[in-house]
Amino acid sequence: MKRRQFIKLLGSSLLAYHCPSRAFLGNKAENKTDKKLIWIILRGAKDGLHTIIPRQEQHRLNQYRPRLSSALRSTALPLNAAFSLHPSLKYAHQLYQQGECSPIVAVGSGYEQRSHFDGQDFLESGSGRITQTEGWLARAVDIKQASALALNRSTPISLRSDKVTASTWYPADQQSADSKLFDALSDLYEKSPILSKRLSEGLAVSQMSQGVDLSKSGKATELKLAKACAQLLTGDKGYDAAMLEISGWDTHNDQVKRLSYRLKVLDKCIRLIKEGLKDDWQNTVVAIATEFGRTVKENGTKGTDHGNASAMFLLGGGLKGGEVLGQWPGLEPSQLFENRDLLPTTNTFSWLASVLEQHWGFNETQLNTVFPHIKSYSDKLVL
Amino acid sequence: MDSSFRLSLLTIIDYVSSRAYLLNLSFIFNYTKQLAFEITILHRLLEKPRHFAYKITLFYKLSCYIVIYTLVSNALYVDELGSIMQNMNMAVDACNRFGLGAAPHEINVAKANPKQWLIEQLNNISFSDELPSANDSLIANGQFHKNKKSLNAFRREQFSKQYKQQSQTTLAHFYQIYFERQINSEASLNWRLLDFFSNHFSVTARYPMHLNLFPCLEREAIAPNLTGRFSDMLMSVCQHPAMLMYLNNANSFGNRSLLAKKNNKGLNENLAREILELHTLGVKGGYTQTDIIALANGISGWSIHNRFKAKGKIAGFQFKHRGHEPNSQVLLGKTYSQKGLDQGIRMLTDLANHKNTAKHICLKLARHFTQDQPSPSLVKIMVQTWLQTKGNLKAVMVTMINSSLAWQQSNRKYKTPREFIVSSARMLGLKTLPKNMIQTFLNDAGHSPHKAGSPAGYGDMQNNWDGSAALMLRISWTNNISKLLDINIEQAINNAFANTLSPHTMATIARQSDERLKTSLLLMSPDFQYR
């Protein structure tokens with residue numbers, strides 16, 4: 001009997017030798033990914049109409065936005081026969097020509113009330129309701145068993161969840177404390193689960209970001225964060241998902257100058273991300289969206305007020321790219337939403353779902369968990 | 001019974017009865033009186049040995065009464081002690097939760113009657129420092145632009161830089177004074193209330209002009225109206241140049257007004273929208289897009305004197321009647337057919353007294369002072385007071401303070417960065433903090449005054465402030481401040497918590513030998529991070 005058992009053992013170990021992954025590693029390995037996702041939220045309702053400019057409707061633009069349009073007519077960067085890109089987005093335009101950028105027109109999240117705060121909460125929660133306790137990216141990260149980082153001081157709604165712990169990182173000028181204090185604090189927080197969790201996350205991120213180099217990124221904090229984001233995502237120990245935010249898009253006045261500047265910042269962030277990711281750019285998708293767009297007509301202070309549909313961007317080395325996606329609804333008065341805004345023809349969440357499906361390999365059940373109220377699109381986004 | 005025995009018995013009885021009398025234990029007092037009577041009158045009977053039985057009975061009675069007395073008085077003492085403890089807990093919460101953090105000896109002052117102590121603090125705040133007023137800032141800005149015009153290109157850049165630096169210095173100076181007053185105040189509830197309304201009417205400074213002007217909103221429009229009617233505060237804020245500039249109403253003119261036709265200007269709905277969404281009714285307050293336009297029309301022409309013209313010696317609010325949208329407006333189903341300035345005034349007054357405004361603001365107040373999800377019953381009684389007193393903020397605060405629902409022990413509020421450093425300074429008995437410990441920290445923590453980035457102001461719930469990066473920042477600040485100071489840890493604990501610090505924290509601190517580490521632990525303890 002002993003000999004027979006011994007031979008059986010030998011046989012099975014030989015088998016195991018040839019299929020190591022099945023024998024030794026568990027389910028997690030199958031989900032461990034080198035496919036990265038960066039979610040950038042633009043807070044303040046970015047004007048889509050002057051980001052992806054509908055060239056074919058120039059006469060309507062001149063009619064609705066006499067003072068805003070004149071500044072853009074000649075210098076916009078052409079995408080195709082129908083659309084051009086705002087002149088500030090030079091780097092994004094280059095990426096478009098290389099097939100690494102997909103601009104999407106007339107996108108709406110489904111939220112129609114035009115309040116920034118509710119709109120942003122709706123966009124971040126992704127469940128068809130306005131909540132502050134859980135976000136779509138947290139659910140996606142949980143399914144994917146991925147690690148997530150918010151380049152922020154506290155956890156934004158997109159990454160909030162009871163189950164998932166997203167770390168946060170933010171540059172600070174303060175000197176850091178020594179290990180004796182951290183040890184004592186671990187003791188102190190024994191009975192406080194939230195503070196204890198934050199402390200361990202903080203220490204982990206601190207470790208990881210020892211080598212983060214913020215030089216030559218520029219003065220604006222968003223640029224530093226973009227550069228740090230790229231560095232913290234690269235390599236084996238890098239995070240799988242990250243979230244950034246850029247504010248200042250609420251151009252109720254002086255839109256020409258303000259939007260131009262903001263788009264320059266966005267453009268530079270994209271550049272810092274691509275350059276920072278290096279080889280990882282090939283397997284990264286960056287999704288950029290805003291809570292809603294702005295009125296088609298300009299207002300009395302050379303700006304625009306809150307609207308509905310806006311522009312969305314997908315960027316990445318592995319994208320199909322080079323094509324303007326979405327469906328243009330038109331700017332005739334009958335084609336506008338509530339007679340004042342651009343009509344949304346596709347849904348922000350559906351595009352995000354498509355990214356999760358094609359880039360992170362989510363199946364229908366998994367997509368339903370993340371976005372219970374919509375379906376993904378069949379457009380081929382990722383190669 | 002010999003006389004010495006009797007004497008000692010009577011002494012004991014005397015003592016017991018006097019304590020009984022003081023503690024209102026009348027039944028024991030009566031029995032001991034009877035016992036004393038028995039002893040004095042009947043002692044003669046007890047002298048004969050055959051009345052040994054009497055002695056025993058007497059002795060037995062006495063011991064019974066002493067036992068009963070001890071038990072009852074202990075119970076009363078514990079109850080008294082219990083109410084002493086309860087008052088102590090309340091005093092601690094009064095200072096830490098409602099105030100800005102207990103300063104040395106503050107708990108002692110509060111403990112006699114914590115609720116009353118708080119109520120007596122509610123007063124308007126006056127600023128009598130040398131900081132420029134809104135009108136001064138506007139005039140100075142007008143001068144700056146006028147002078148700039150006469151310079152050549154190179155000088156112009158220098159001059160602009162100088163103006164910007166000056167504005168930054170003024171703002172920094174303002175911060176220091178402001179935080180020092182908070183740290184040293186004996187009526188810190190007031191300052192907390194000022195902070196609350198300043199955040200409610202949040203304005204974010206972007207340009208050098210704003211750096212001078214925006215802090216004035218708090219000083220001039222909010223602080224003088226802290227304990228008055230909300231409608232007065234709303235009116236002051238909506239007529240203050242800071243708010244008019246920030247939300248673009250200064251250049252908003254009715255589409256059919258004379259100014260619009262003449263100068264190709266028009267309506268900007270930003271301020272009207274935020275008044276409805278943030279300042280009064282709240283996002284679910286039941287208004288529509290049409291109401292927003294109606295209000296925007298109602299306050300069109302609410303503007304600022306032109307500071308760039310030579311006559312710019314007059315500054316501040318100016319109602320440009322030629323920019324006001326003519327005709328009546330319908331807001332929330334009511335028609336406003338007043339002319340001129342009055343139309344907007346009536347609209348705002350009605351908004352301020354609206355039931356949904358009361359609900360919105362009372363919820364925010366209850367959320368700020370008590371817990372992230374405040375008790376609906378508490379909000380209800382506050383709303384009742386609001387509606388009864390037509391929005392008297394002091395009355396609403398008194399209702400909140402007097403209700404036991406505001407003093408819940410669980411679900412405590414997580415301190416914001418500002419609350420953290422101010423309460424730290426107060427507990428440690430400091431008179432001030434170095435500039436970099438305030439301004440640099442608040443910048444890094446994302447809680448600088450007037451930098452919220454949106455008119456909704458800074459968030460007021462734990463998940464707005466609680467994050468790993470945020471915690472690491474506080475640890476770093478704590479580490480720096482512990483290095484600077486020599487703190488007596490027992491005194492610090494006593495200042496902020498009296499004897500209510502949790503046993504686990506006490507034990508963890510006591511275990512350390514390094515004094516500076518003890519201070520850091522106290523500042524970062526869960527007890528201190530929540531209020």
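**Exercise 1. A residue at the start of a helix**

Task: Asn270(B) has 4% relative accessibility; decide whether Asn270(B) is buried or exposed. Then place Asn270(B) in its helix and list what Asn270(B) touches.

Solution.
- Step 1. This is a predicted model, and every value below is computed from it.
- Step 2. Buried means under 20% relative accessible area.
- Step 3. At 4%, Asn270(B) therefore counts as buried.
- Step 4. Asn270(B) belongs to helix α14 of chain B, which covers residues 270–279.
- Step 5. Leave out residues up to four places away in sequence. Asn270(B) then touches Leu247(B), Asn248(B) and, from chain A, His252(A).
- Step 6. Now take a separation. Phe179(B) is 91 residues from Asn270(B) in sequence, and their C-alpha atoms are 31 Å apart in space.

**Exercise 2. The two chains in outline**

Task: How many helices and strands are there in chain A? What does the secondary structure of chain B come to? Then give the buried share of chain A and of chain B.

Solution.
- Step 1. Chain A has 14 helices and 11 strands.
- Step 2. Chain B has 27 helices and 4 strands.
- Step 3. In chain A, 59% of the 383 residues count as buried.
- Step 4. In chain B, the buried share is 55% of 531 residues.
- Step 5. Turn to contacts between residues at least 6 apart in sequence. In chain A, 71% of these join residues at least 24 apart.
- Step 6. For chain B, 72% of such contacts join residues at least 24 apart.

**Exercise 3. The 8-stranded sheet of chain A**

Task: In what order do the 8 strands of the open sheet in chain A run? Then find the edges and trace the pairings of β10(A).

Solution.
- Step 1. The order is β7-β6-β8-β1-β9-β10-β5-β11, and the pairing is mixed.
- Step 2. β7 (167–168) and β11 (346–347) of chain A are at the edges. Each has a single partner strand, so one side of each has no neighbour in the sheet.
- Step 3. Move to β10(A), residues 310–315. Here 6 of its 6 residues are buried.
- Step 4. β5(A), residues 101–108, runs antiparallel to β10(A), with 5 bridges between them. Ser102(A) has Leu314(A) as its bridge partner.
- Step 5. β9(A), residues 284–290, also runs antiparallel to β10(A), joined by 3 bridges. Leu314(A) is the bridge partner of Ala287(A) too.
- Step 6. β5(A) and β11(A) run parallel, with 2 bridges. Gly108(A) is matched there with Asn347(A).

**Exercise 4. The 3-stranded sheet and the loop after β4(A)**

Task: Which strands stand at the edges of the open sheet of 3 strands in chain A? Then describe Ser88(A), in the loop between β4 and α6 of chain A.

Solution.
- Step 1. The strand order is β2-β4-β3, with antiparallel pairing.
- Step 2. β2 (52–54) and β3 (77–78) are the edge strands, since each pairs on one side only.
- Step 3. β3(A) and β4(A), residues 83–85, are joined by 2 bridges. One pair of bridge partners is Leu77(A) and Leu85(A).
- Step 4. Go on to Ser88(A), in the loop that leads from β4 to α6 (90–97) of chain A. Ser88(A) counts as buried because its relative accessibility is 8%.
- Step 5. Setting aside residues up to four places away in sequence, Ser88(A) touches Ser260(A), Leu263(A), Lys264(A) and Asp267(A).

**Exercise 5. Two sides of α25(B)**

Task: Which residues of helix α25 (503–511) of chain B are buried, and why do they line one face?

Solution.
- Step 1. The buried residues are His504(B), Thr505(B), Thr508(B) and Ile509(B).
- Step 2. Look down the axis of α25(B). These residues fall within an arc of 130°, so they line one face of the helix.
- Step 3. The face turned away from the buried side carries the exposed residues Pro503(B), Ala510(B) and Arg511(B).
- Step 4. The cover over the buried residues includes α9 (179–188) of chain A, and α24 (489–497), α26 (515–524) and α27 (526–529) of chain B.

**Exercise 6. The second largest pocket**

Task: How many residues line the second largest pocket, and which lie nearest its centre?

Solution.
- Step 1. The volume of this pocket is about 1,600 Å³.
- Step 2. Its lining has 42 residues. Met245(B), Ala250(B), Asn251(B), Arg307(B) and Phe308(B) lie nearest the centre.
- Step 3. Elements giving two or more residues to the lining include α12 (255–277) of chain A and α7 (153–184) of chain B.
- Step 4. α6(B) gives the most, with 4 residues.
- Step 5. By class, the lining has 13 nonpolar, 15 polar and 14 charged residues.

Conventions
Residues numbered from 1 in each chain as written. Chains lettered and ligands numbered in written order. Predicted model: local features only at pLDDT ≥ 70, side-chain atom pairs only at ≥ 80, totals over all residues. Heavy atoms only, no water. 1 Å grid on protein atoms, 1.4 Å probe; cavity = no way out; pocket = protein on both sides within 12 Å on 5 of 7 lines; lining within 4 Å. Points joined across faces, edges and corners; volume = space filled by probe spheres on them. Nonpolar A, V, L, I, M, F, W, Y, C, P; charged D, E, K, R; others polar. Pairing = 2+ DSSP bridges. Buried < 20%, exposed > 50% of the residue type's maximum accessible area, 1.4 Å probe, protein only. Arc of directions from axis to C-beta. Contact = heavy atoms within 4.5 Å.
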